[in-house]
Amino acid sequence: KSKGFDGKSQFIDEVRSCVDKYSSVYVFTVDNLRNTQLKLLRAQWPDSRFFYGRARQIAVALGRTPEAEIRDGMSNVVQSLLGRESGLVFTNRSREDVESFFSSYSHDDFARAGFVATETHRLPAGPLPQFAHSLEPYLRKLGLPTALDCGVIVLSRDFTVCEEGNKLTPDQAKLLQLLGVKLAAFKVNMRAMWKDGEFTELSVAG
């Protein structure tokens, strides 16, 4: 218990130290979260500090109410952070730099089960030479109407892998991955900013 408390206390101190070290802080949300992409992002912004998750501890660090906030306007940052999967980035970069970078920052990735398909993907009947013949039983298990013909996997009829607007099942997500189809995009949306005691809500496209 003591160790856990020490860890929380250290984290709270870390967040508070960022308020002194950096001139501004941004609240952000993420579309299609991938930990590897967050790591890459941190590597691309080594002069800034990212926090994702642990919102309750961040709330303690910054102050939930105007009476408890460690700087004017910080309780607004906390309120913007709470109630959704959000993070903070502390930075000394200008607002123009931040908005310019993140408005165009996007990485395509494979969609996971539960993702709402952004397009319909169909496979025409015929050979599927991109797959090794040993994969045929697995493809059939995933729902593809396949058979082996002279060592080549053949689709016996046209097949709809997914339809736009419908949530992907685990089997559909796996099929799209095997087909190399990336429907998801990792994207960071800047929701709000704080600088010099002033809190500003930011408009998010879409």
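Start with the whole protein chain in view: its secondary structure comes to seven helices and 11 strands. The radius of gyration is 23 Å, well over the 17 Å that the globule rule gives for 206 residues, so the chain is more spread out than a compact globule. What you are looking at is a predicted model. Turn it along its principal axes and the C-alpha trace spans about 75 × 45 × 30 Å. Of the 206 residues, 39% count as buried. Among contacts between residues at least 6 apart in sequence, 75% join residues at least 24 apart.

**Stop 1: strand β10 and its partners**

Select residues 184–195, which make up strand β10. Then add residues 24–31, strand β1; the two strands pair in the antiparallel sense over eight bridges. Within this pairing, T29 has N189 of β10 as its bridge partner.

Next add residues 106–109. This is strand β4, which pairs with β10, again in the antiparallel sense, over four bridges. To find the register here, pick D109 and look across to A184 in β10, which stands opposite.

Now select residues 198–201, strand β11. Four bridges join β11 to β10, and the two run antiparallel. A192 and E201 are the pair to show here, standing opposite each other.

**Stop 2: N189**

Stay on β10 and show the side chain of N189. Is N189 buried or exposed? N189 counts as buried because its relative accessibility is 7%, under the 20% limit. Which side chain does that of N189 meet in a polar contact? It is the side chain of D31, and the contact is 3.2 Å. Show T29 as well, since T29 is the bridge partner of N189.

**Stop 3: two residues with a positive phi**

Most residues other than glycine have a negative phi. Two residues to select here are N32 and D196.

N32 has a positive phi of about 55° although it is not a glycine. To find N32, look in the loop between β1 and α2, the helix of residues 35–44. N32 counts as partly exposed, with a relative accessibility of 24%.

D196 is in the loop between β10 and β11. Those two strands form a hairpin with two residues between them. D196 is not a glycine either, yet its phi is positive, about 50°. At 63% relative accessibility, D196 counts as exposed.

**Stop 4: a three-stranded sheet**

Move to the open sheet formed by three strands in the order β6-β8-β7, with antiparallel pairing. Which strands are at the edges? They are β6 (126–127) and β7 (146–149), each of which pairs on one side only.

Select β8, residues 152–155, together with β6: two bridges join these antiparallel strands. One residue to click in β6 is G126, whose bridge partner in β8 is L155.

**Stop 5: helix α7**

Select residues 170–179, helix α7, and show the side chains of its buried residues, A173, L175 and L176. Why do these residues lie on the same side of α7? They cover an arc of only 160° around the axis, which puts them on that same side. An α-helix has 3.6 residues a turn, so residues three or four places apart point the same way.

To see what covers the buried residues of α7, add β5 (121–123), α6 (136–141) and β9 (159–162), which are among the elements that do so. Then step past the end of the helix to G180, which follows α7 and has a positive phi, near 75°.

**Stop 6: cysteines**

Finish with two cysteines, C18 and C150. C18 counts as buried, at 4% relative accessibility, whereas C150 counts as exposed, at 78%. How many disulfides does the structure hold? The number is zero.

Key
Residues numbered from 1 in each chain as written. Predicted model: local features only at pLDDT ≥ 70, side-chain atom pairs only at ≥ 80, totals over all residues. Heavy atoms only, no water. Buried < 20%, exposed > 50% of the residue type's maximum accessible area, 1.4 Å probe, protein only. Arc of directions from axis to C-beta. Contact = heavy atoms within 4.5 Å. Pairing = 2+ DSSP bridges. Polar contact = N/O pair within 3.5 Å; in protein donor to acceptor, adjacent residues only side chain to side chain. Disulfide = S-S within 2.5 Å. Rg over C-alpha atoms; globule rule 2.2 N^0.38 Å.
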